[in-house]
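Thanks, everyone. Let me put the structure up, and then I will go straight in.

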Amino acid sequence: MRRIFALSFVSLALFGAEPADWIVSAHWVLTMDRDRRVLEDGAVAIRGARILAVGSRSQIEASYRGRKLHRANSLLAPGLVNTHTHVPMSLMRGLADDRRLREWLEDYIFPAEARNVDAEFVRWGTRLACLEMMLGGTTTFAEMYYFEDVIAEATREAGLRGVLGETIIGFPAPDFKTPEAALAFNEEFIRRYRNDPWIVPAVAPHSHETTPEAAYRAARSLANRYGVPLMTHLAETRQGREEALKRYGMSPVRLLDAWGVFQGRTLAAHVVWVDEEDLAILQRRGVGIAHCPSSNAKLASGVAPVTRMLALGLAVGLGTDGPAGSNNDFNLFEEMDLAAKLQKVTTGDPQALSARQALEMATILGARALGLEDRIGSLEPGKYADLIAVRLDRAHAVPLYDLYSQMVYALKASDVTDVMVHGRWLVRDGRPLTLDARRILSKAEEYGRRVRASLAQR
Ligand SMILES: [Zn+2]
């Protein structure tokens with residue numbers, strides 16, 4: 001009797017193990033879940049696109065059977081979230097550096113865009129950006145540019161997750177000559193992608209300096225009609241704030257609030273030049289913030305009051321901004337590091353913006369800012385399987401005392417070895433699986449020559 005019982009118990013343990021597609025394990029697992037659990041010798045079980053379970057390796061391996069990937073000297077973390085960028089601008093990386101924002105835009109970027117940007121430029125620029133992003137551990141990005149349907153196709157092909165909004169701007173753009181035409185296209189784009197698991201379509205009026213009130217109002221109502229987010233630049237420069245005060249008698253935040261822009265899910269990029277009243281409005285409206293420390297530093301825009309925003313409970317994610325002039329790459333490891341350090345500089349307090357908070361901004365808070373917290377941003381059962389493995393065996397990574405400190409202040413994007421999005425491996429052993437790196441790099445060189453030639457003939 002006792003023997004039969006013991007036998008059936010053994011068979012239950014063997015055959016009762018639930019099927020999984022992958023069991024990914026590592027020395028450390030940074031879950032970024034509600035309790036911010038850090039697991040030593042931890043594992044994640046994955047089936048299809050989603051996470052089944054997260055726990056100790058022994059427990060997960062006893063409960064699930066499936067293919068295994070074990071990284072003995074690495075950490076696993078949720079995929080990083082870039083909340084603000086312009087991906088096709090990768091082909092204009094470093095085109096005109098060390099200049100004022102307005103001069104940079106009007107003398108270089110706008111002419112270079114007018115002469116070069118078409119659907120194929122956008123396709124190759126997106127491929128280049130996706131290659132760089134996936135190799136550096138970014139699994140989701142929010143982006144606003146032109147030809148957003150082409151960006152969506154290239155993003156799907158790479159296998160990354162994108163929140164994509166067609167730029168609505170008050171002057172002729174490379175694809176549409178009026179805000180009305182861009183909005184009509186945007187509606188088609190939303191219809192096409194609103195049920196796509198990888199792409200979240202959005203509407204993206206550019207900024208109060210470049211986009212008229214009517215276009216902003218139309219953009220908000222379009223976003224609300226389909227329940228998609230609105231993304232915009234906001235309060236990036238001191239000059240922009242002064243102009244808004246002079247022209248409208250209101251700060252940029254109060255101006256967009258008066259135009260009804262925050263009446264629905266909104267993601268605002270930069271938000272540097274704000275006062276307490278502005279922050280109270282953003283808090284009341286639940287506006288998500290994309291903090292872009294490299295861009296704000298490089299263009300001397302200033303430093304956003306992130307410590308204050310976090311104290312108010314705002315969802316603040318990290319963004320690289322576009323790589324042409326304002327960054328010049330898609331490296332969220334650098335953004336985490338710089339975000340933490342800039343807050344210490346501006347507040348005079350070394351405790352301001354801890355390493356853990358910086359990693360929260362690059363993961364779960366970024367997901368919340370995008371309205372995707374229930375799907376991504378942490379390693380938890382039910383969420384999409386978007387995860388990265390980061391090696392811990394290089395000279396700059398030993399010894400290890402504190403995982404959050406190591407991740408934010410010491411590790412580099414080039415330490416990422418494996419990347420999974422939606423349950424699918426995009427990078428293994430540092431090699432991209434979904435994109436042809438050689439072809440993309442040679443195309444990028446070709447576009448570089450073309451852009452340079454186009455600017456020479458003026
Ligand atoms: Zn931007």
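Start at D118. At 37% relative accessibility, D118 counts as partly exposed. The scale is this: buried is under 20% relative accessible area, exposed is over 50%, and partly exposed is in between, with a 1.4 Å probe and protein chains only. D118 sits in the loop between α3 (101-116) and α4. Helices here are DSSP runs of H or I, at least four residues, strands are runs of E, at least two, and both are numbered from the N terminus. T266 is 148 residues from D118 along the chain, and their C-alpha atoms are separated by 28 Å.

A word on the source. This is a predicted model, where local features need pLDDT of at least 70, side-chain atom pairs count only at pLDDT 80 or more, and totals for chains, interfaces and linings use all residues. Residues are numbered from 1 along each chain as its sequence is written, and side-chain values use heavy atoms, with hydrogens and water left out.

Now the whole chain. It has 17 helices and 16 strands. The C-alpha atoms fill a box of roughly 85 × 45 × 45 Å along the principal axes. For 458 residues, a compact globule would have a radius of gyration near 23 Å, and the chain agrees, with 23 Å. That radius is taken over C-alpha atoms, and the globule rule is 2.2 Å times the number of residues to the power 0.38. Of the 458 residues, 60% are buried. Take contacts, meaning heavy atoms within 4.5 Å. Among those between residues at least 6 apart in sequence, 73% join residues at least 24 apart. The exposed area is about 18500 Å², and carbon and sulfur atoms supply 51% of it. Areas come from the Shrake-Rupley method with a 1.4 Å probe; for residues, only the protein chains shown count as cover.

Next, charge. There are 57 positive and 56 negative side chains, and the centres of the two sets lie 4 Å apart. Lys and Arg count as positive, Asp and Glu as negative; His and the chain ends are not counted. Each charge is placed at NZ of Lys, CZ of Arg, CG of Asp or CD of Glu.

How many salt bridges does the structure hold? There are 35. The cut-off is a side-chain nitrogen of Lys or Arg within 4 Å of a carboxyl oxygen of Asp or Glu.

Take three pairs. In the pair R57 and E61, the N to O distance is 3.4 Å. These two are four residues apart in helix α2 (residues 57-63), so about one helical turn separates them. R57 is partly exposed at 24%, and E61 is partly exposed at 27%.

D337 and K341 also form a bridge, with the closest N and O atoms 2.9 Å apart. They too are four residues apart, in helix α13 (residues 332-347), about one helical turn. D337 is buried at 17%, while K341 is partly exposed at 39%. The general point: an α-helix has 3.6 residues a turn, so residues three or four places apart point the same way.

The third pair is R127 with E157, at 2.7 Å, N to O. R127 lies in helix α4 (residues 119-135) and E157 in helix α5 (residues 148-158), so this bridge ties together parts 30 residues apart in sequence. R127 is buried at 13%; E157 is partly exposed at 33%.

There is a network as well. Salt bridges link R241, R254, D275, E277 and D278.

Which side chain of opposite charge is nearest to E148? It is R192, 12 Å away; E148 is buried and has no salt bridge. E148 is in helix α5. Beyond four places in sequence, E148 touches E143, L164, G165, E166, F185 and F189.

Last stop, helix α16 (residues 403-410). Six of its eight residues are buried, so the helix is largely enclosed by the rest of the structure. The buried ones are L403, Y404, Q406, M407, V408 and A410. They pack against β1 (18-30), β2 (38-47), β4 (64-78), α13, α14 and β13 (387-391).

From α14 (residues 355-362), look at A355. A355 is buried, at 8% relative accessibility. Leaving aside neighbours within four places, A355 contacts Y404, S405, V408 and Y409. D402 is 47 residues from A355 in sequence, and 9.7 Å away, C-alpha to C-alpha.

That's it from me. Questions welcome.
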